[in-house]
Amino acid sequence: AGAAMVARALWALLAALRAGWCLLPQSGYLHPDEFFQAPEVMAGDILNLQVYYPWEFLSNSPCRTVVFPLMTSGVTYWVIKSLQQLDICSSCINSYTLLVSPRLLFTIFSFILDYSVYQLAPFWGADPWKALVLLAGSYVTLVFYTRTFTNTLEGLLFALLMVLVSSRKSSGRSAEPRSSSLLGVITTAGFFNRPTFLAFALMPLLYWASLTVDSQKSIKTLINDFLKFILCACFTAFVFITADTFYFTSVSLDNLYSTNKSSLIDVIVQLHDKMVVTPFNFLSYNLNPHNLALHGSHPRVTHFIVNGVMLFGILHILAISAGFKMLKKYVHQLMLVRWCYRGLPGLLVHSEGSPMLLLFYFVPLAFLSLFSHQEPRFLIPLILPLVLFSASPSRAEKWKLLIVLFNLLGALLFGCLHQGGLIPCLFHLEQLIHSPASSSHLQHYTLLFAHTYMPPRFLLNIKKTDVHVEVIDMAGAGEETLCHTAEQRASNFTCSNCHIFIIIPGTVRATITKCGVSFKNETLIFPHLSMEDPPQIPVLSSGNWRSQLGLYILELNRDH
């Protein structure tokens with residue numbers, strides 16, 4: 001009882017940390033997709049801000065559904081816009097609320113994971129509070145599940161799917177599958193969010209199918225369950241396709257009717273011709289190896305050897321060890337003729353929890369490993385079966401200290417340090433651009449970003465009608481290109497109220513000093529760790545370490 005009380009208190013503390021750190025906010029910048037697959041797009045559509053629309057949302061072949069961005073970032077931006085229009089909050093729209101409001105919604109949604117773990121733990125033979133502490137203490141939950149990634153939504157939908165297929169009768173004697181309709185809705189929604197969701201949904205759906213067949217229902221009832229699943233999946237797909245078609249093609253029924261008094265059949269035909277099915281566009285793009293190579297190609301074992309360890313540490317290694325033992329235990333059964341006819345349902349339904357959880361973990365991992373582009377965030381939905389497996393009696397007990405140290409390091413690295421100066425930099429520039437001095441006298445700002453992740457423009461809070469701010473993203477431009485651009489901008493000042501800022505990591509600061517330009521203002525934002533331009537260890541051990549772990553905002557001097 002005492003251990004359970006401690007675990008509950010620890011979970012409550014970690015849950016408060018999750019919410020508080022979101023509001024602080026976290027400064028680490030994990031990946032551009034965090035911003036450019038939802039908040040950036042919705043800020044442009046709903047708040048009419050200057051944004052950069054990524055290739056996935058281009059109308060010629062869109063690869064991302066607009067439904068989830070509208071339901072998440074779109075809703076939060078509509079709320080703060082309404083509050084400002086009603087004069088309830090005169091300055092609701094600023095860089096802080098633009099960043100934090102969608103993250104806060106995702107943080108609230110992240111507790112679906114906690115609910116799922118609490119519901120699933122008894123079913124899979126895990127200790128509920130140990131599993132909750134493992135989940136809440138993981139830096140994956142603290143950092144990734146509080147960000148606006150499609151992978152985050154994928155993980156939440158996977159959790160709901162596992163809850164639905166793992167329900168039991170109240171008597172506890174046999175598994176009772178439920179809600180085939182909801183399974184159809186969640187599977188299809190997950191597919192439209194990220195087509196890779198099918199890799200995660202495969203084992204839960206097979207498990208559900210085996211439970212349904214094994215439940216000794218009549219043939220009529222079985223057919224009815226599967227029909228409900230298919231019909232609800234089709235209806236959900238229709239909703240997503242309709243929403244995406246109207247969004248990406250700007251189809252208006254009024255316009256269609258007004259053109260030559262079109263009949264309903266004509267309207268349907270025109271809508272069909274313009275129909276947008278984003279998962280198919282996603283798959284056709286990503287199944288092309290040349291397209292994947294543009295985003296980076298990795299060895300097929302990257303998820304298994306590198307990304308799993310990077311995200312989950314010793315828990316991933318323990319799962320691999322247990323997986324090999326499970327294979328050794330069951331391999332002889334695979335050779336038996338009896339297994340072919342009867343053993344499969346028994347293995348899936350009646351086996352102890354651990355082997356089944358390992359299948360829930362490794363089957364999606366294996367399917368995702370078939371693609372050459374492998375990023376760690378693709379695996380974050382797997383935290384649920386992993387913590388359930390690891391919370392089984394005494395499995396992770398002796399690794400407590402290592403687990404704590406690993407997650408502290410991960411939270412510090414990805415929540416604070418990684419590209420950690422860019423978001424505070426945009427906050428600083430937004431305040432500068434909207435300062436009273438800038439408002440009273442029209443100023444023109446040129447913001448040149450080099451050797452940073454892509455800057456999310458919406459955090460500058462600039463209306464589309466404003467033309468006095470120009471953002472130039474030079475990505476990882478070489479020294480010659482960077483110097484040429486800086487010299488050209490410095491020599492072409494056209495007004496006394498023009499300001500040119502160069503934003504660059506401290507590790508590349510020496511490069512800009514060779515360009516023959518001078519600076520009248522210099523601001524250092526700390527900390528900022530660029531893994532693309534990492535600091536040198538000898539420099540870090542010198543007195544210049546703060547500069548190496550910082551991001552510079554340099555204002556060019558017109559009299560260079």
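A salt bridge is a side-chain nitrogen of Lys or Arg within 4 Å of a carboxyl oxygen of Asp or Glu. With that idea in hand, let's walk through the structure above, which is a predicted model. A search of the whole structure finds ten salt bridges.

Start with Asp114 and Arg18, whose closest N and O atoms are 2.9 Å apart. This salt bridge links distant parts of the chain: Asp114 belongs to helix α5 (residues 95-120) and Arg18 to helix α1 (residues 2-23), with their places 96 residues apart in sequence. Are these two side chains buried or exposed? Asp114 is buried because its relative accessible area is 4%, and anything under 20% counts as buried. Arg18 is buried too, at 0%.

Helix α5 also holds Arg103, which pairs with Glu34 in helix α2 (residues 33-36), 69 residues apart. Here the closest N and O atoms are 2.7 Å apart, and both Arg103 and Glu34 are buried.

Now look towards the other end of the numbering, where Arg509 and Glu522 meet in a salt bridge with an N to O distance of 2.5 Å. Arg509 sits in helix α25 and Glu522 in strand β4, so this pair ties together parts that are 13 residues apart in sequence. The two partners can be told apart by their surroundings: Arg509 counts as buried at 15% relative accessibility, whereas Glu522 is partly exposed at 46%. Salt bridges can also join up, as they do in the network that links Asp33, Glu375 and Arg377.

Arg377 brings us to the inside of the protein, for it is among the residues in contact with Phe144. Other contacts of Phe144, leaving aside neighbours within four places in sequence, include Leu30, Tyr139, Phe149 and Ile380. Phe144 is itself one of the residues with the most contacts inside the largest nonpolar core, a group of 89 residues. Trp124, Val140, Met162, Phe312 and Leu388 share that description. Which helix gives the most to this core? The answer is α8 (residues 150-165), with ten residues. A second, separate core has 41 residues, including Leu47, Phe57, Val66 and Phe248. In soluble globular proteins, nonpolar side chains tend to be buried together.

Some nonpolar side chains, though, lie at the surface. Val301, Phe304, Ile305, Val306, Met310, Phe324 and Leu327 make a nonpolar surface patch of about 630 Å². Two elements, α16 (302-312) and α17 (314-330), each give two or more residues to the patch, and α16 gives the most, with four. Phe304 is found in helix α16 and is partly exposed, at 30% relative accessibility.

Finally, let's turn to the cysteines. A disulfide is a covalent bond between the sulfur atoms of two cysteines, and this structure holds two disulfides. One of them joins Cys89 to Cys92, with an S to S distance of 2.2 Å. Cys89 is partly exposed at 28% relative accessible area, while Cys92 is buried at 7%.

In the other disulfide, the sulfur atoms of Cys483 and Cys515 are 1.9 Å apart. This bond links distant parts of the chain, since Cys483 lies in helix α24 (residues 479-491) and Cys515 in the loop between α25 (509-513) and β4 (519-525), 32 residues apart. Both Cys483 and Cys515 are buried, and their link is left-handed, with -65° about the S-S bond.

Definitions and conventions. Residues numbered from 1 in each chain as written. Predicted model: local features only at pLDDT ≥ 70, side-chain atom pairs only at ≥ 80, totals over all residues. Heavy atoms only, no water. Disulfide = S-S within 2.5 Å. Buried < 20%, exposed > 50% of the residue type's maximum accessible area, 1.4 Å probe, protein only. Core = buried A, V, L, I, M, F, W, Y, C linked by side-chain atoms within 4.5 Å. Contact = heavy atoms within 4.5 Å. Patch = residues over 30% accessible without salt bridge, like charges linked within 9 Å, V, L, I, M, F, W, Y side chains within 5 Å. Areas by Shrake-Rupley, 256 points an atom, 1.4 Å probe, with all protein chains shown as cover.
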